[in-house]
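The report below follows one protein chain from a single helix outward to its sheet, its domains and two individual residues. Please read it with the sequence and the structure side by side.

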Amino acid sequence: NKVIIMGLGYIGLPTAALIAQKGTKVHGVDINPKVVETINRGEIHIVEPELGDIVKEAVEKGRLVADTKPVVGNTYLVVVPTPFKGKNEPDISFVDAATNAILPLLKENDLYIIESTSPIGTTEKMRDLIYTKRPELLDKLHIAYCPERVLPGNVMYELVHNDRVIGGIDEKSTEKAVAFYSKYVDGTLHKTNARTAEMCKLVENSSRDVQIAFANELSLICDKADINVWELIELANKHPRVNILQPGSGVGGHCIAVDPYFIVSDYPMESKIIGTAREINNYKSFWCAEKVQTAKLQFELEHGRKAKIALMGLAFKPDIDDLRESPAKYIAQKVLQNTNNEEYYVVEPNIDEHKVYKLSNYKEAYEKADIVVFLVAHKEFKTLNFDTSKIILDFAGVFK
Ligand code: SAJ
């Protein structure tokens, strides 16, 4: 069995590494020649615990080869990005391109699986594309959808241990895909159809987004009502059937802040809560930036001088170095656009350098600043002592 993996990014590469580690030959494909070179040297281009060693070993043993083009195999996994075009409209052109690239290589009995987060109906669309261009293969392939659900930072563990939802375009496709994953996954493999599996991925992340929006809405209400939202949520969660998530500076990352739009753009009239949750979570970041502006002006009025301001954290969530789609980064940008000779310290303990901002040490910044803005609850920040002489805008719940 030879597995061809289209896309060697945050999910594709760990998946390729895991399959190769179990002894299967993997041909990984990425359109970026630099990524291909890096992997073929036994190195990696992303930050993910444990991944480096597994890739190194797989490449050394000749089980993993990276390339810019696919070759003939038996199983084809499509793990490419599905971004947006225009205003919140899903763009499946990478899935389309990957499928077109493997079209001429497909043969009877092969297995084709999409793992990329995709709008409902994408697997059926790809089935139609494949059988239109290769009519002699009609019903002789196995075509399925199986979303990944791993958490960045814990990918190697979750790839093996999480349950998977597997939906074929027919029963024999589902069975064949289940047999494939059973070689690499210890979690339970749940069978369904392709449309349900596609929707399941979108719903998992939308559900989390809606729940976070509820917490963020509470934080706005509590700010006006002069109630500590962190204490409130802790108390409400003492109820056996209540489990409210944490508010923050907004929702980021490339999944939760994105996937709900895949539902909203196709079903706008029906997905009111999902759409509103997105608006609330986006608004929360805007609101945080406004709060910093107000605090700054108040400080100037009271003290007759400019405030020194520390912006604590840039990553999209605690204890990672990933700044993509980060609300903290958005707030920092917005605040720094409105500078008027104030002194700013930008802090991100998980990265050494940033191409736009000069980064400061977190202890020093905390010490020197008059206004401290916690944008992310990194573990380092929790070691600081609450200093009542400062104005502290704790959007991330560092001190709660
Ligand atoms: N956040 C809050 N409050 C919370 C929890 C999270 O504001 O109580 C914020 C975080 O700070 C961050 C954002 O939400 O900005 C998303 O972080 P996350 O830890 O909830 O999720 P991701 O984006 O790292 O990974 C999610 C996971 N999905 C779910 O938990 C349902 C993961 O399992 C998916 O595989 C991943 O999306 C994906 O690739 O789709």
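In this predicted model, the buried residues of helix α1 pack against four strands, β1 (2-6), β2 (25-29), β3 (64-67) and β4 (75-78), and against two helices, α3 (51-60) and α6 (155-161). Helix α1 itself spans residues 12-21 and is mostly covered, with 10 of its 10 residues buried. The buried set includes nonpolar side chains such as Leu13, Leu18 and Ile19, but Thr15 and Gln21 also belong to it, as does Gly12. An α-helix has 3.6 residues a turn, so residues three or four places apart point the same way. Just after α1 the backbone reaches Gly23, which takes a positive phi of about 105 degrees.

**The chain as a whole**

Altogether the protein chain has 13 helices and 14 strands. Its radius of gyration is 24 Å, close to the 21 Å that the globule rule gives for 400 residues, so the chain is as compact as a globular protein of that length. Along the principal axes, the C-alpha atoms fill a box of roughly 80 × 50 × 40 Å. Of the 400 residues, 43% count as buried. Among the contacts with a separation of 6 or more, 68% are made by residues that lie 24 or more positions apart.

The domain assignment divides the protein chain into domain 1 (2-187) and domain 2 (223-394). The centres of domain 1 and domain 2, taken over C-alpha atoms, are separated by 35 Å. Their contact draws 10 residues from domain 1 and 9 residues from domain 2. On the side of domain 1 that touches domain 2, the classes are 6 nonpolar, 3 polar and 1 charged residues.

**A parallel sheet of four strands**

Which strands make up the open sheet of 4 strands, and in what order do they lie? The order is β12-β11-β13-β14, and the pairing is parallel. At the edges are β12 (343-347) and β14 (391-394), each of which pairs on one side only. Neighbouring strands of this sheet are turned against each other by 15 degrees on average, with direction ignored. Helix α11 (residues 272-303) packs on the sheet and touches β11, β13 and β14, and its direction makes about 175 degrees with that of β14.

Strand β13 (residues 371-374) is joined to β11 (residues 308-312) by 4 bridges, the two strands running parallel. With β14, strand β13 likewise pairs in the parallel sense, over 4 bridges. Individual bridge partners can be named for these pairings, and the table lists three of them.

| Strand pair | Residue | Bridge partner |
|---|---|---|
| β11 and β13 | Leu311 | Val373 |
| β11 and β13 | Met312 | Phe374 |
| β13 and β14 | Val372 | Ile392 |

In a regular strand the side chains alternate between the two faces of the sheet. In β13 both faces are covered, with Ile371 and Val373 on one side and Val372 and Phe374 on the other, and all of these residues are buried.

**Two residues in their surroundings**

His142 lies in strand β8 (residues 142-145). Is His142 buried or exposed? It has 22 C-beta neighbours inside 10 Å and therefore counts as buried, since a residue needs 20 or more such neighbours to be placed in that class. Leaving aside neighbours within four places in sequence, His142 is in contact with Leu111 and Tyr112, and also with Gly168, Lys172, Ser173, Lys176 and Ala177. The distance from His142 to Glu175 is 9.0 Å, C-alpha to C-alpha, while the two are 33 residues apart in sequence.

Gly397 has its place in the segment after β14. Because 19 C-beta neighbours lie inside 10 Å of it, Gly397 counts as partly exposed. When neighbours within four places in sequence are left aside, the contacts of Gly397 are Trp230, Gln246 and Ala377. The C-alpha atoms of Gly397 and Val229 are separated by 9.3 Å, although these residues are 168 residues apart along the chain.

Terms used:
Residues are numbered from 1 along each chain as its sequence is written. This is a predicted model: local features need pLDDT of at least 70, side-chain atom pairs count only at pLDDT 80 or more; totals for chains, interfaces and linings use all residues. A residue is buried if 20 or more other C-beta atoms lie within 10 Å of its own, exposed if 12 or fewer, and partly exposed in between; C-beta atoms are placed from the backbone. Two residues are in contact if their C-beta atoms, placed from the backbone, lie within 7 Å. Domain bounds come from an automatic or database domain assignment. Ala, Val, Leu, Ile, Met, Phe, Trp, Tyr, Cys and Pro count as nonpolar, Asp, Glu, Lys and Arg as charged, and the others, Gly among them, as polar. Two strands pair if DSSP finds at least two bridges between them. Axes are lines fitted to C-alpha atoms, for helices over the stretch in contact, and angles run from 0 to 180 degrees between N-to-C directions. The radius of gyration is taken over C-alpha atoms; the globule rule is 2.2 Å times the number of residues to the power 0.38.
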